[in-house]
Amino acid sequence: MKKFVLKRLLMAIATIWVIITVTFLIMHSVPGDPFAKEGKMPEQVYQNLRAQYGLDKPLGEQYVIYLKNIAKGDFGKSMKSQAETVNQMIKRGAPVSAQLGLQAFVISIILGPALGSIAALYQNKWPDYITMIIAIIGISVPSFIFATLLVQFVAKQVAWLPISGWGTFQHSILPSLSLALMPIASSARLMRSSMLEVLGQDYIRTARSKGLSKFKVIMGHAIRNAILPVVSTLGTTLSGLLTGSFVIEKIFGIPGLGNFLITSVTNRDYTLIMGTTIFYSVVLIVLLLVVDILYVVIDPRIQLTGGKR
């Protein structure tokens with residue numbers, strides 16, 4: 001077990017290093033620099049700004065300095081927002097993105113298995129058809145299109161909920177639903193398939209023959225076993241929701257990391273782009289690492305390399 005954890009940890013560190021390196025090289029391979037769009041800036045001011053952010057140094061030296069700063073947890077100063085460092089912006093935006101992702105996660109793990117169970121229990125009947133239509137739409141329609149439709153028909157036409165902004169629970173409902181649509185659809189399809197398989201097992205027929213009520217058979221036996229494949233995907237679902245809300249945050253004007261990242265790309269803010277990218281990557285890799293380890297701890301059937309733990 002220790003070798004497995006150490007191996008996964010080393011792989012995670014190596015992956016983070018590759019992401020840092022690739023992001024750094026991509027940023028510096030783009031023609032021009034963040035200050036080239038400032039219009040008729042005096043040449044001396046331009047050179048001073050480049051020197052202030054170390055852009056006048058050779059690329060190799062910039063890379064070494066950046067790695068040293070990253071090792072200390074310092075992402076540097078934003079090149080466009082002089083009032084804040086990248087660390088401060090991440091500290092301000094990360095809780096907002098986390099709240100949005102967690103709300104979408106809770107919605108998906110409640111609605112997805114529920115819809116999938118209903119579809120399986122009413123196979124080839126109208127609840128099954130409706131659920132599968134919802135699942136197909138959820139998988140086929142990108143979240144930003146669904147978000148746009150919600151803004152247009154729910155917020156604007158009916159005026160039930162605020163269109164944009166952040167600060168109250170009402171502000172988070174539409175973006176959470178938009179972000180949760182795809183995982184709801186995926187988990188509903190997975191739950192339906194698993195539920196149909198479980199309902200055909202011998203122990204379900206045995207439970208029914210013992211005179212147990214339909215509710216007890218479904219809740220105590222069927223759903224309890226059918227939901228296991230869905231549970232096994234929760235780690236990747238959570239990591240995807242926490243790190244995949246870029247466009248949703250931009251559409252709804254949410255001051256999260258996703259909005260910061262899109263704005264930084266538009267402004268060519270090197271330090272903010274690299275800082276947010278690395279932060280998202282670390283969160284994603286750590287979550288996947290934890291999931292890998294939990295799989296081994298929870299499920300003894302998983303065999304590690306070499307056949308021993």
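**Notebook: salt bridges and a nonpolar patch**

I began with R92, which is partly exposed in this predicted model, its relative accessible area being 41%. I then looked up its partner and found that R92 forms a salt bridge with E84, with the closest N and O atoms 2.7 Å apart.

Next I asked how many salt bridges there are by this rule. The count comes to 2, and the other entry I noted is D128 with R192, where the closest N and O atoms lie 2.8 Å apart. I traced this pair along the chain and saw that it links distant parts, since D128 sits in helix α5 (residues 126–140) and R192 in helix α7 (residues 169–199), the two being 64 residues apart. Are D128 and R192 buried or exposed? I recorded both D128 and R192 as buried.

I turned then to the surface, where F144, I145, L149, F153, V247 and I251 make a nonpolar patch of about 500 Å². Which helices each supply at least two residues of this patch? I noted α6 (143–156) and α12 (246–251), and I marked α6 as the source of the largest share, with 4 residues.

From this patch I picked out I145, which lies in helix α6, and looked up its exposure. I145 has a relative accessible area of 37%, so I entered I145 as partly exposed; that value is also over the 30% that a patch residue needs.

Terms used. Residues are numbered from 1 along each chain as its sequence is written. This is a predicted model: local features need pLDDT of at least 70, side-chain atom pairs count only at pLDDT 80 or more; totals for chains, interfaces and linings use all residues. Side-chain values use heavy atoms; hydrogens and water are left out. Patches are made of residues with over 30% relative accessible area and no salt bridge: like charges are joined within 9 Å, nonpolar side chains (Val, Leu, Ile, Met, Phe, Trp, Tyr) within 5 Å. Accessible areas come from the Shrake-Rupley method with a 1.4 Å probe; for residues, only the protein chains shown count as cover. A salt bridge is a side-chain nitrogen of Lys or Arg within 4 Å of a carboxyl oxygen of Asp or Glu. Buried means under 20% relative accessible area, exposed over 50%, partly exposed in between (1.4 Å probe, protein chains only).
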